[in-house]
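Got your viewer open? Let's take a walk through this one, stop by stop, and see what each selection shows.

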Amino acid sequence: MSEVSGQWADRAYIGSFTSAGGRGITTAALDPESGALTELHHTETLVPDPSYLTVVEGPGGPGSAGGHLYAVSERETGGAAAFSLADRDRPELLGEPTPVGGAGPTHLTVAAGHLITANYGSGSISALPVRADGTLGSRASVHQHTGHGPETQRQEGPHAHAVVPDPSGRWLLSVDLGTDSVWIYDLRDACPEGEPLPYAEAHMRPGSGPRHLVFHPDGAHAYIVNELASSVTVCAWDAGRGALEATGETATVPDSAAPERNFPSELAVSPDGRFAWAANRGHDSISVFAVAAAGDSLQLTGTVPCGGHWPRDLALHPSGRHLYAANERSGDVTWFAVDQVTGTPHREGTVSVPAAGCVVFG
């Protein structure tokens with residue numbers, strides 16, 4: 001039986017698109033043994049389109065009160081919102097959503113004392129100060145990406161899709177679908193206000209459309225899911241130099257099973273680094289990868305149905321025992337038990353969550 005910092009993360013927070021019938025942020029109790037979710041609360045329309053969330057743990061670690069939940073508001077005039085988790089079952093909104101100075105924020109993280117968003121619509125990242133009480137400062141620092149890719153309908157300009165701190169805590173990586181690149185920001189040598197400092201741009205294969213990134217537990221490799229190429233790129237990561245280099249690429253579905261168009265959305269890696277998974281929109285499946293012992297290659301070992309339609313997010317519980325697919329168009333979250341020998345997910349149950357966008361744990 002695995003534990004997280006001595007405690008279970010026994011709540012799930014599920015983002016959604018209120019513009020498509022979602023009920024805001026859903027809080028669900030999570031049974032750490034079975035992985036089952038039980039709905040507890042919905043924020044409804046307190047924040048419009050809270051499609052992606054992140055949790056900052058309370059002082060007692062996972063499963064303790066006193067933390068904060070942050071959400072994007074994925075609208076043309078993008079925003080971000082802070083919630084208190086003093087009552088973990090009923091997140092309390094701390095003021096009105098704060099403008100991020102960018103359009104369509106799709107992802108966020110907290111690093112270097114700031115809430116940082118990836119703004120897909122405007123192709124930028126924004127940084128908002130996080131105050132000592134967890135609330136957000138009102139002034140956003142915006143860093144604009146530039147460039148484009150060869151697919152004119154989707155890559156006419158930059159489209160930042162994710163922001164991920166590296167394991168060392170020095171760097172922030174922003175994955176941009178429109179420029180086929182990963183923009184690297186320096187957090188250690190940040191501006192006096194603590195804002196990320198642009199450092200370098202790592203170029204990926206033209207037309208691949210990189211969307212999201214996860215690090216291997218060794219901290220020396222990263223995997224990027226490509227929305228336009230239906231693949232995962234393996235990269236070597238040098239935290240000393242802030243250098244990311246693509247070293248290989250693996251398809252997310254077998255050639256014989258590939259639909260006309262498939263748009264992978266998210267990745268997850270097991271805590272021991274032996275397995276990885278990717279969600280496929282179109283094929284409506286979860287890819288299962290065996291990870292080489294050195295972390296430098298992936299082998300597709302199979303796919304399983306995602307339990308619904310259009311899996312926008314894929315989240316692995318920190319214990320590594322259960323995997324969750326947020327199926328946007330079928331309006332549900334399906335959970336799977338992960339075979340610890342093969343890495344194969346086995347469907348265990350589903351809860352209805354209209355227009356589901358993401359799943360995070362706390």
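Start with Cys235: with a relative accessible area of 0%, this residue is buried, because buried here means under 20%. Keep in mind throughout that you are looking at a predicted model.

Next, select Cys358. This cysteine is also buried, with a relative accessible area of 0%. Is there a disulfide partner to look for? Cys358 is in no disulfide, and the nearest cysteine sulfur, that of Cys306, is 16 Å away. In fact, searching the whole structure turns up zero disulfides.

**Stop two: strands 10, 11 and 12**

Now highlight residues 114-119, which make up strand 10, together with strand 11; the two pair in the antiparallel sense over six bridges. To see one contact of this pairing, pick Asn119: its bridge partner in strand 11 is Ser124. Strand 10 and strand 11 form a hairpin, with four residues between them. Click on Gly123 in that turn and you'll find a positive phi of about 65°.

Stay with strand 11 and add residues 141-144, which are strand 12. Four bridges join these two strands, which run antiparallel. For an example, select Ile125 and look across to His143, its bridge partner in strand 12. Is strand 11 mostly buried or exposed? Five of the six residues in 124-129 are buried, so strand 11 is largely enclosed by the rest of the structure.

As you look along these strands, a bit of background helps: strands of a sheet pair through backbone hydrogen bonds, either parallel or antiparallel.

**Stop three: an open sheet**

Move on to strands 25, 26, 27 and 28. They make an open sheet of four strands in the order 25-26-27-28, with antiparallel pairing. Strand 25 and strand 28 (345-352) are the edges, each pairing on one side only. Turn the view and follow the twist, which averages 20° from one strand to the next.

Inside this sheet, zoom in on strand 26 (residues 322-327) and strand 27 (residues 332-338). Six bridges join this antiparallel pair. Select Asn327 and you can find its bridge partner, Asp332, in strand 27.

**Stop four: the cavity**

How many cavities of 30 Å³ or more are there to find? The count comes to one, with about 60 Å³ of space in it. To bring up its lining, select Tyr52, Thr106, His161, Arg211, His212, Ser265, Glu266, Arg312, Asp313 and Gly357. Strand 17 (210-215), strand 21 (263-269) and strand 25 (311-316) are the elements that give two or more residues to this lining. Try colouring the lining by type: you should get one nonpolar residue, five polar and four charged.

**Last stop: two aspartates in loops**

Finish with a pair of loop residues. Go to Asp49, in the loop between strand 3 (37-42) and strand 4 (53-56). Its phi is near 50°, a positive value in a residue other than glycine. At 3% relative accessibility, Asp49 counts as buried.

Then jump to Asp284, which sits in the loop between strand 22 (275-281) and strand 23 (285-291). What is the phi of Asp284? It is positive, at about 50°, although the residue is not a glycine. Buried or exposed? Asp284 has 17% relative accessibility, so it counts as buried, since the cut-off is under 20%.

Technical notes. Residues numbered from 1 in each chain as written. Predicted model: local features only at pLDDT ≥ 70, side-chain atom pairs only at ≥ 80, totals over all residues. Heavy atoms only, no water. 1 Å grid on protein atoms, 1.4 Å probe; cavity = no way out; pocket = protein on both sides within 12 Å on 5 of 7 lines; lining within 4 Å. Points joined across faces, edges and corners; volume = space filled by probe spheres on them. Nonpolar A, V, L, I, M, F, W, Y, C, P; charged D, E, K, R; others polar. Disulfide = S-S within 2.5 Å. Buried < 20%, exposed > 50% of the residue type's maximum accessible area, 1.4 Å probe, protein only. Pairing = 2+ DSSP bridges. Axes fitted to C-alpha atoms, helices over the stretch in contact; angles between N-to-C directions.
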